[in-house]
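The following exercises concern packing, pockets and cysteine geometry in a single protein chain. Each task is followed by a worked solution.

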Amino acid sequence: MPELPEVEALREFLGAHLVGKEFARVLPVAISVLKTYDPPLGVLDGAEVTGVGRHGKWLDITAATGAGPLHLVIHLARAGWLRWQDPLPSGPPRPGKGPLALRAALTGGDGFDLTEAGTTRRLAVHLVHDPAEVPGVARLGPDPLAEGFGPEEFAALLTGERRRIKSALRDQGLIAGIGNAYSDEILHAARMSPFKPTATLTPDDTAALYAAVRTTLREAVDRSHGLAAGRLKAEKKSGLRVHGRTGEPCPVCGDAIREVSFADSSLQYCPTCQTGGKPLADRRMSRLLK
């Protein structure tokens, strides 16, 4: 799933390639992708792009239309991606079983496709007057890289929480933009178990976690700076230290990276760095091995 660093890099890329240009047509190809119907996508025909923003994992493309400024708000979900094409294919896109979900063509012949792999359709596009009209944007917590997001604000968010720290970091209503991969990376950097209850965090724990959040995300954003959209996935994977690296040596201590599997996801961690050398219980894998 694209998370804050990749979406921030896409925001930067699209800002350089879209702003000042005009949409020729924005066409949904998969029925499920468009979540709003008023105003219709047709009002974007001939509209000039005036800005590209980000809200957590959401992209926000602003265009000047006859109906006033409108926002094309995009969530790539778990298996979605944005593919820039210059030029776009000349023929009209064909609805079907392929990954293409939406095509945005510019008057100059270039533009982008939104694609989604697999059969679960969660990629979402909204056309609204205000991004806050999108429920997923309206409920977002603060951006962890915002200038005003300091250690005190972070500590205040965790006050009163009663759950595992991994779950808290992934809660978009608590803090925006962190998903499965970067929560693993943050907890490894903080030398903290993903199962640690938030209620047991000491002030030193919270300070270490805040530093890991800021450093991990900022370094990932810096690595992605200036990359074309097509190279971002590979950059994300190459920069991860523990997530997706089950069985590989920890880059800090050399211990084997372990995994805990869930119904539709998994987490990775280093026992030596994060859990005092003790493997975490993985009931799903235990059942499979019986």
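**Exercise 1. Determine which elements cover the buried residues of helix H5 (180–189) in this predicted model.**

Solution.
1. Begin with the burial of the helix: nine of the ten residues of H5 are buried, and H5 is thus described as mostly covered.
2. List the buried positions, which are Asn-180, Ala-181, Tyr-182, Ser-183, Asp-184, Glu-185, Ile-186, Leu-187 and His-188.
3. Identify the cover. Among the helices, it includes H1, H4 (165–170), H6 (203–224), H7 and H8 (271–274). Strand E10 (266–269) is also included.
4. Inspect the backbone beyond the helix: just after H5, Arg-191 adopts a positive phi of about 55°.

**Exercise 2. Describe the largest pocket by its volume, its lining and the elements that supply this lining.**

Solution.
1. The space in the largest pocket amounts to about 970 Å³.
2. Its lining comprises 34 residues, of which Met-1, Pro-2, Lys-57, Ala-77 and Arg-78 are the closest to the centre.
3. Assign the lining to secondary structure. At least two residues each come from strand E5 (80–85), helix H5 and helix H7 (232–239). The largest share, four residues, belongs to H7.
4. Sort the lining by class: 13 residues are charged, twelve nonpolar and nine polar.

**Exercise 3. Give the corresponding description of the second largest pocket.**

Solution.
1. The volume of the second largest pocket is about 210 Å³.
2. Its lining is formed by Arg-25, Leu-27, Leu-88, Pro-89, Ser-90, Gly-91, Pro-92, Pro-93, Arg-103, Ala-105 and Gly-109.
3. Strand E1 (23–28) and strand E6 (100–106) each contribute at least two of these residues.
4. By class, six lining residues are nonpolar, three polar and two charged.

**Exercise 4. Locate the residues with the most contacts inside the largest nonpolar core, and trace the surroundings of Ile-61 and Val-49.**

Solution.
1. As a guiding principle, nonpolar side chains in soluble globular proteins tend to be buried together.
2. The largest nonpolar core holds 36 residues, and Leu-14, Ile-61 and Phe-112 have the most contacts inside it. Helix H1 (residues 4–18) gives the most to this core, namely six residues.
3. A second, separate core has 26 residues, including Leu-4, Ile-165, Tyr-210 and Ala-220.
4. Apart from neighbours within four places in sequence, the contacts of Ile-61 include Leu-14, Leu-18, Phe-23, Val-49, Leu-70 and Phe-112.
5. Turn to Val-49, which lies in strand E2 (residues 48–55). Val-49 counts as buried because its relative accessibility is 0%.
6. With neighbours within four places again left aside, Val-49 is in contact with Leu-18, Val-19, Gly-20, Lys-21, Phe-23, Ile-61, Thr-62 and Ala-63. For the pair Val-49 and Val-19, 30 residues apart along the chain, the C-alpha atoms are separated by 4.9 Å.

**Exercise 5. How many disulfides does the whole structure contain, and why is Cys-270 not bonded to Cys-253?**

Solution.
1. A search of the whole structure returns zero disulfides.
2. The criterion needed here is that the two cysteine sulfur atoms lie within 2.5 Å.
3. The cysteine sulfur closest to that of Cys-270 belongs to Cys-253, and the pair is not bonded because 3.4 Å is too far.
4. Cys-273 is likewise in no disulfide, and its nearest cysteine sulfur, that of Cys-270, is 3.7 Å away.
5. Finally, consider burial. Cys-270 counts as buried because its relative accessibility is 0%, and Cys-273 counts as buried at 7%.

How values were computed:
Residues are numbered from 1 along each chain as its sequence is written. This is a predicted model: local features need pLDDT of at least 70, side-chain atom pairs count only at pLDDT 80 or more; totals for chains, interfaces and linings use all residues. Side-chain values use heavy atoms; hydrogens and water are left out. On a 1 Å grid over the protein atoms alone, a cavity is a set of points where a 1.4 Å probe fits but cannot get out, and a pocket is an open set with protein on both sides within 12 Å along at least five of seven lines; lining residues have an atom within 4 Å of a point. Grid points are joined across faces, edges and corners, and a volume is the space filled by probe spheres set on the points. Ala, Val, Leu, Ile, Met, Phe, Trp, Tyr, Cys and Pro count as nonpolar, Asp, Glu, Lys and Arg as charged, and the others, Gly among them, as polar. A nonpolar core is a set of buried Ala, Val, Leu, Ile, Met, Phe, Trp, Tyr and Cys residues joined through side-chain atoms within 4.5 Å. Buried means under 20% relative accessible area, exposed over 50%, partly exposed in between (1.4 Å probe, protein chains only). Contact means heavy atoms within 4.5 Å.
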